[in-house]
Amino acid sequence: MDIWALSDLCTPWCVHVVATLRIADHIATGITQIDDLAAASGSGSDSLHRVMRHLVGKGVFEEPAPGRFALNQPAHRLLDSATRLGLDLGGIGGRMAYAWGSLLGAVQTGAPAYHEVFHRPFWEDLQAHPDLAASFDALMGPAGHGIPDPEVLVAGGWESVRTVVDVGGGMGSLLVEILRARPEVRGTLVDLPPTVARSVEIFQVAGVAERVTAVGQSFFDPLPAGADLYLLKNVLGDWPDREAMAILRRCAEAARPGRITVLGGVSPDEDCGPSSSLLMMVLVGGRDRSQAEFRELSRAAGLEVQAAGRQPSGRLVIECRPTS
Ligand SMILES: C[S@@+](CC[C@H](N)C(=O)[O-])C[C@H]1O[C@@H](n2cnc3c(N)ncnc32)[C@H](O)[C@@H]1O
């Protein structure tokens, strides 16, 4: 294995740059000559040409004639909304890319060093930059992570579920799918106030707004109580143990006698491996947990794991209930 090839940052940055400059979109609209691509993207022709040639050498884009570029299959991926959101250096893609510059600090201190690059911890950084927070929310939503699977129960029992609280539910894309699939169910979205504000239109467009309550609050504060089901999707993996346990404890307090379903943040394998969720470590100090680790954490938070299984889409689901 070649250590220099492994540590070469050139190609990833070239991909980020062309994604940010929307070069693939320009080519898709028929702008193919390097001077025209440079003009359309507000770039220097020679520097863009060098970046494009590097990428052609790596198999992204083709150069069928000198200075003329075409899309190939890998370059087509740059037209996807999810790829754009994940790579655009002007939005959350930039935060995820530049944050790797804090890896050394994170390893040396054992805590996220994101603030060394962006002056604030991740969640505070998003709250301070509304455009960035909006692009993060979009990445979490259908444009980024796709349409969520509404089958969130592994042990069945939808007949006893009339109320669902999605804790840290982003702009509500999972709640939308659940409410569409189950007309008898009402939902509550809990997330930070700006994200909840962005959800209003989404619920309206989906035609479920009259069955949703949106609550802008921290999930470290007491949650709306007494619902039949509490969802934690892609939330626990964002947090170190102390905070993850605090969130679970809030769910345990609120859920009596309901149940809690956890999706994401718990590895299907017993050993999640040290490299698992390194990006979460860098951004927010979070990590995936093995099922054994999760069981221990949830027990300490007053919950007992009752069932584990897979959604029809294949994702691991863990169901818990408050212990007493
Ligand atoms: C990784 S996203 C997951 C969103 C959604 N559950 C999903 O799967 O798409 C984590 C969510 O936690 C929310 N969040 C972060 N800190 C929070 C807090 N203190 N209180 C409530 N929500 C918070 C974020 O706004 C974001 O929507």
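In this predicted model, a polar side-chain atom of S218 lies 3.2 Å from a nitrogen atom of the ligand. The next residue to look at is F219, where a backbone N or O atom comes to 2.8 Å from a ligand nitrogen. G168 joins in as well, with a polar backbone atom 2.7 Å from a nitrogen atom of the ligand. With the protein in place, 94% of the 590 Å² of accessible area that the ligand has on its own is covered.

As for where all this happens, the ligand sits in the largest pocket. The shell around it runs to 17 residues, and the closest of them are G168, D191, F219, K233 and N234. So G168 and F219 turn up twice, once on the list of closest residues and once with a backbone atom facing a ligand nitrogen, at 2.7 Å for G168 and 2.8 Å for F219, by the 3.5 Å cut-off for a polar contact. In terms of residue type, the shell splits into seven nonpolar, seven polar and three charged residues.

N234 deserves a second look, being one of the residues closest to the ligand. Its phi is near 55°, a positive value in a residue other than glycine. N234 belongs to the loop between β6 (229-233) and α16. As to burial, N234 counts as partly exposed because its relative accessibility is 28%, which falls between the 20% and 50% limits.

R22 tells a similar backbone story: it is not a glycine, yet its phi is positive, at about 55°. This residue is found in the loop between α2 (10-20) and α3 (23-28). R22 also counts as partly exposed, given a relative accessibility of 28%.

Another backbone oddity is the cis peptide bond between R256 and P257, with omega at about 0°. P257 is placed in the loop between α16 (241-255) and β7 (259-263). Helix α16 thus has N234 in the loop on one side and P257 in the loop on the other, by the DSSP numbering from the N terminus.

Finally, there is A134, which is part of helix α12, residues 130-140. A134 comes out as partly exposed because its relative accessible area is 27%, again between the 20% and 50% limits. Along the chain, A134 and V185 are 51 residues apart, and 28 Å separates their C-alpha atoms.

How values were computed. Residues numbered from 1 in each chain as written. Predicted model: local features only at pLDDT ≥ 70, side-chain atom pairs only at ≥ 80, totals over all residues. Heavy atoms only, no water. Near = heavy atom within 4 Å. Polar contact = N/O pair within 3.5 Å; in protein donor to acceptor, adjacent residues only side chain to side chain. Areas by Shrake-Rupley, 256 points an atom, 1.4 Å probe, with all protein chains shown as cover. 1 Å grid on protein atoms, 1.4 Å probe; cavity = no way out; pocket = protein on both sides within 12 Å on 5 of 7 lines; lining within 4 Å. Sits in = over half its atoms within 2 Å of the grid points. Nonpolar A, V, L, I, M, F, W, Y, C, P; charged D, E, K, R; others polar. Helix = DSSP H or I, 4+ residues; strand = E, 2+ residues; numbered from the N terminus. Buried < 20%, exposed > 50% of the residue type's maximum accessible area, 1.4 Å probe, protein only.
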